[in-house]
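Reader: Please take me slowly through the interior of this structure, beginning with enclosed space and ending with the packing of aromatic rings. I would like the details joined into one account.

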Amino acid sequence: MLRNLFMLGVPLVRGAALNGTPTINTFHQVKWSHVHRLSIMSTQVPFSSDFLFRQMFDPTSCTYTYLLADTESKDAVLIDPVLEQVDRDAGVVRDLGLSLKFVMNTHMHADHITGTGLLKKKIPGCKSLISEASGAMADVHVQPREEVKFGRHKLEVRATPGHTSGCVTYVCHEQGVAFTGDTVLIRGCGRTDFQEGDPATLYKSVHDQIFSLPENFKLYPAHDYKGLMVTTVGEEKTFNPRLTKSLEQFIEIMNNLNLPYPKKIDVAVPANRVCGIQDEN
């Protein structure tokens, strides 16, 4: 710790009694904010050599889509695809020679139509996957603590309702990452004023299921509107302007955001209940 403080240029002053009598050594003028930043900037978990990760972006809805794969078996999953980006996503899967097992969503989105149904048509053999609690149609419905496997890799399903009642976070413990959907955003969180949203439930979900992960775990959200791409558990526990507040303060903030009605909700939600396209079964 002292070595780190010297590297930060923190002046350390050894204390002594006014009468010159030797005392137990103490240090003053320590910039503890710098020390705290050291702790949240802890070593990141590196991806293993057989883990493929791609983060893709839809500029219209500011949605991130994630492609994960086992580079040995070629088994892959795709998280939170967007309808307008289906050709792009299918092309990457094809180019890399991957076998897409699951097209999965963190929740039933209200700001875009999922590309799940169309991807199933373009890539035969892949299955749609979403939480049972979402109420949406899918080939596979997952429950909390279940695992989604692709090759030797796996994602733990953690129930994180609050933005919607069916929100889940997918955690890959070995790689030190979690895909949080709209539950935790970078320095923010999903709204709670529609789709069974509830601020108290969201707050509990975050603190029990996401902030309980190691602080160096990277968090990848479903959206970002400022050009940021990734955060960590430690960062959000320290800097998130909403989720660092008390429960009562958080509820007050969320109940007074006064956000506009989502532009696509009346189209997106009905479509997303049936895998993104109206005739998909």
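Author: A cavity is here a set of grid points where a 1.4 Å probe fits but cannot get out, whereas a pocket is an open set with protein on both sides within 12 Å along at least five of seven lines. The model is predicted, and a search of the whole structure for cavities of 30 Å³ or more returns 1.

The largest cavity has a volume of about 80 Å³, and 14 residues line it, with N105, T116, I130, N272 and C275 closest to its centre. Strand β7, residues 127-131, gives the largest share of this lining, namely 3 residues. Sorted by class, the cavity lining holds 7 nonpolar and 7 polar residues, with no charged ones.

The open space can be described in the same terms. The largest pocket has a volume of about 800 Å³, and its lining is made up of 31 residues, among which D111, L185, R191, H223 and Y225 lie nearest the centre. Charged residues do take part in the lining of the largest pocket, where 9 of them appear beside 14 nonpolar and 8 polar residues.

Turning to the rings, the structure contains 11 aromatic pairs. In one of them, Y66 and Y220, the ring centres are 5.6 Å apart and the planes meet at 65 degrees; because planes over 60 degrees apart count as edge-to-face, the pair falls in that class. This pair links distant parts of the chain, since Y66 belongs to strand β4 (residues 63-70) and Y220 to strand β13 (residues 218-221), with their positions 154 residues apart. Y66 and Y220 are both buried.

Y220 also forms an aromatic pair with F179, and this one is stacked, with 5.8 Å from centre to centre and 20 degrees between the planes. Because F179 lies in strand β12 (residues 177-181) while Y220 lies in strand β13, the pair ties together parts that are 41 residues apart in sequence. F179 is buried, as is Y220.

These contacts belong to a wider arrangement, in which ring pairs join F47, F51, F53, F57, Y64, Y66, F179 and Y220 into a cluster. One ring of that cluster, F47, has a charged neighbour too: K218 lies over the face of F47, at 5.0 Å from the ring centre.

How values were computed:
Residues numbered from 1 in each chain as written. Predicted model: local features only at pLDDT ≥ 70, side-chain atom pairs only at ≥ 80, totals over all residues. Heavy atoms only, no water. 1 Å grid on protein atoms, 1.4 Å probe; cavity = no way out; pocket = protein on both sides within 12 Å on 5 of 7 lines; lining within 4 Å. Points joined across faces, edges and corners; volume = space filled by probe spheres on them. Nonpolar A, V, L, I, M, F, W, Y, C, P; charged D, E, K, R; others polar. Phe/Tyr/Trp six-rings, centres within 6.5 Å; stacked < 30°, edge-to-face > 60°. Helix = DSSP H or I, 4+ residues; strand = E, 2+ residues; numbered from the N terminus. Buried < 20%, exposed > 50% of the residue type's maximum accessible area, 1.4 Å probe, protein only. Lys NZ or Arg CZ within 6 Å of the ring centre and 35° of its normal.
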